[in-house]
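Biologist: Mind walking me through this one? I'd like to ask my questions with the picture open.

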Amino acid sequence: MTDWSLPGTTVLDPKGRLALKLRAGQRLTIVDIKGQQVMDFIASMTENPDERLSAMFTRVSSGMWNLQQGYTIYSDRCTPMMKVVHDDNGIHNMTGGYCSKYSNAIRYGVEETWGCLDNLEGDWQELGLDPTKINPDQCISLFMNIRHHPDGRMEIVEPTTKPGDRITLEMLADVYVGLSNCPEEHNPCNAFNVTEMAVTVE
Ligand SMILES: [Zn+2]
């Protein structure tokens, strides 16, 4: 049985990861130390890890493609999992998904790149969970900036975060959280310069 995470701050190296187990009422703050860096995260309920965070049901509840301060993050069974209690930036990708060697291969023709999926699988293994059960709807990409064009195109553009911008999530249930400091360097999602992120558990 994995231990509950203790309060404290961890600085994630570029391309680093962090696995957490948090109780309802705890707060999780992600700080973009240098700015323009994305953090992908997934979550599941501790009571039943097959009940996962759902980007789709979170969008359905708010009627927004974006995650913003005051919004609730829901599971795929519409259980409230977290609430955004502070947000300096206001731009977070909720189209679902994470970068991976598979998506990099079809988009950029590169093989065997390290992606958020590798990090998130490592997080799930560390927590004693089944990494094959991670799915793209389970992921929200904090600070990731996707432009939705009127003709239907989605374009990844550079984040607008400034150094020190943060988002704070309050847990509304006991949850597992996997964090990936996004390693993607083939598109502008990290402004072509991957940097450190700080994660604080309170
Ligand atoms: Zn990524």
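Modeller: Sure, one definition before we start: helices and strands here are DSSP runs, at least four residues for a helix and at least two for a strand, numbered from the N terminus. Also, keep in mind that this is a predicted model.

Biologist: How many helices and strands does the protein come to?

Modeller: Along its principal axes, the C-alpha trace spans about 40 × 35 × 30 Å. The secondary structure within that comes to three helices and 13 strands.

Biologist: And what is its radius of gyration, next to what the globule rule gives?

Modeller: For 202 residues the rule gives 17 Å. The model's value is close to that, so the protein is as compact as a globular protein of that length. Its radius of gyration is 15 Å.

Biologist: What share of the contacts between residues at least 6 apart in sequence joins residues at least 24 apart?

Modeller: First, on burial, 38% of the 202 residues count as buried. As for those contacts, the share that joins residues at least 24 apart is 74%.

Biologist: Which domain does UniProt annotate over residues 12-175?

Modeller: The span is 16% helix and 32% strand, and its end C-alpha atoms lie 20 Å apart. The name comes from an unreviewed UniProt entry, where the annotation reads DUF1989.

Biologist: Six strands form an open sheet; in what order do they come?

Modeller: The pairing in this sheet is antiparallel. β1 (8-12) and β5 (72-74) each have a single partner strand, so one side of each is left without a neighbour in the sheet. The twist averages 20° from one strand to the next. The order is β1-β13-β3-β11-β6-β5.

Biologist: Staying in that sheet, which residue of β13 is the bridge partner of Val31?

Modeller: Strand β3 (residues 27-32) pairs with strand β13 (residues 197-201) in the antiparallel sense, over four bridges. In β13, the residue bridged to Val31 is Ala198.

Biologist: Which residue of β11 stands opposite Met82?

Modeller: β11 (residues 165-171) pairs antiparallel with β3 over six bridges, and with strand β6 (residues 80-87) over five. From the β3 pairing, Leu28 has Leu169 as its bridge partner. Asp165, Ile167, Leu169 and Met171 make up the covered face of β11, while Arg166, Thr168 and Glu170 make up the uncovered one. The residue opposite Met82 is Met171.

Biologist: Is Met197 buried or exposed?

Modeller: Met197 lies in strand β13, and its contacts include Leu12, Ile30, Val31 and Met39. The cut-off for burial is 20 or more other C-beta atoms within 10 Å. Met197 has 27 such neighbours, so it counts as buried.

Biologist: How many residues does the largest nonpolar core have?

Modeller: The residues with the most contacts inside that core are Ile30, Met39, Phe41, Ala43, Leu142 and Val177. Take Phe41: among the residues it touches are Cys139, Ile140, Leu142 and Val177. The core's residue count is 45.

Biologist: Against which strands do the buried residues of α3 pack?

Modeller: Helix α3 covers residues 116-126, and its buried residues include Leu117, Leu120 and Trp124. Just after the helix, Gly128 takes a positive phi of about 80°. The buried residues of α3 pack against β2 (17-22), β4 (39-45) and β12 (175-181).

Biologist: Which residue in the turn of the β9 and β10 hairpin has a positive phi?

Modeller: The two strands pair antiparallel over four bridges, with His148 standing opposite Met154 in β10. Five residues sit between the strands, and the one in the turn with a phi of about 100° is Gly152.

Biologist: What is phi for Phe143, roughly?

Modeller: Phe143 sits in the loop between β8 (139-142) and β9 (145-148). It is buried, with 29 other C-beta atoms within 10 Å. Its phi is positive in a residue other than glycine, near 70°.

Biologist: And does Phe192 count as buried or exposed?

Modeller: Phe192 is in the loop between β12 and β13, and it has a positive phi of about 60° although it isn't a glycine. The cut-off for exposure is 12 or fewer other C-beta atoms within 10 Å. Phe192 has 12, so it counts as exposed.

Conventions. Residues are numbered from 1 along each chain as its sequence is written. This is a predicted model: local features need pLDDT of at least 70, side-chain atom pairs count only at pLDDT 80 or more; totals for chains, interfaces and linings use all residues. UniProt positions are given in the numbering used here, feature names are shortened, and annotations may be inferred rather than shown by experiment. Two residues are in contact if their C-beta atoms, placed from the backbone, lie within 7 Å. Two strands pair if DSSP finds at least two bridges between them. Axes are lines fitted to C-alpha atoms, for helices over the stretch in contact, and angles run from 0 to 180 degrees between N-to-C directions. A nonpolar core is a set of buried Ala, Val, Leu, Ile, Met, Phe, Trp, Tyr and Cys residues joined through C-beta atoms within 7 Å. The radius of gyration is taken over C-alpha atoms; the globule rule is 2.2 Å times the number of residues to the power 0.38. Lists of a residue's contacts leave out its neighbours within four places in sequence.
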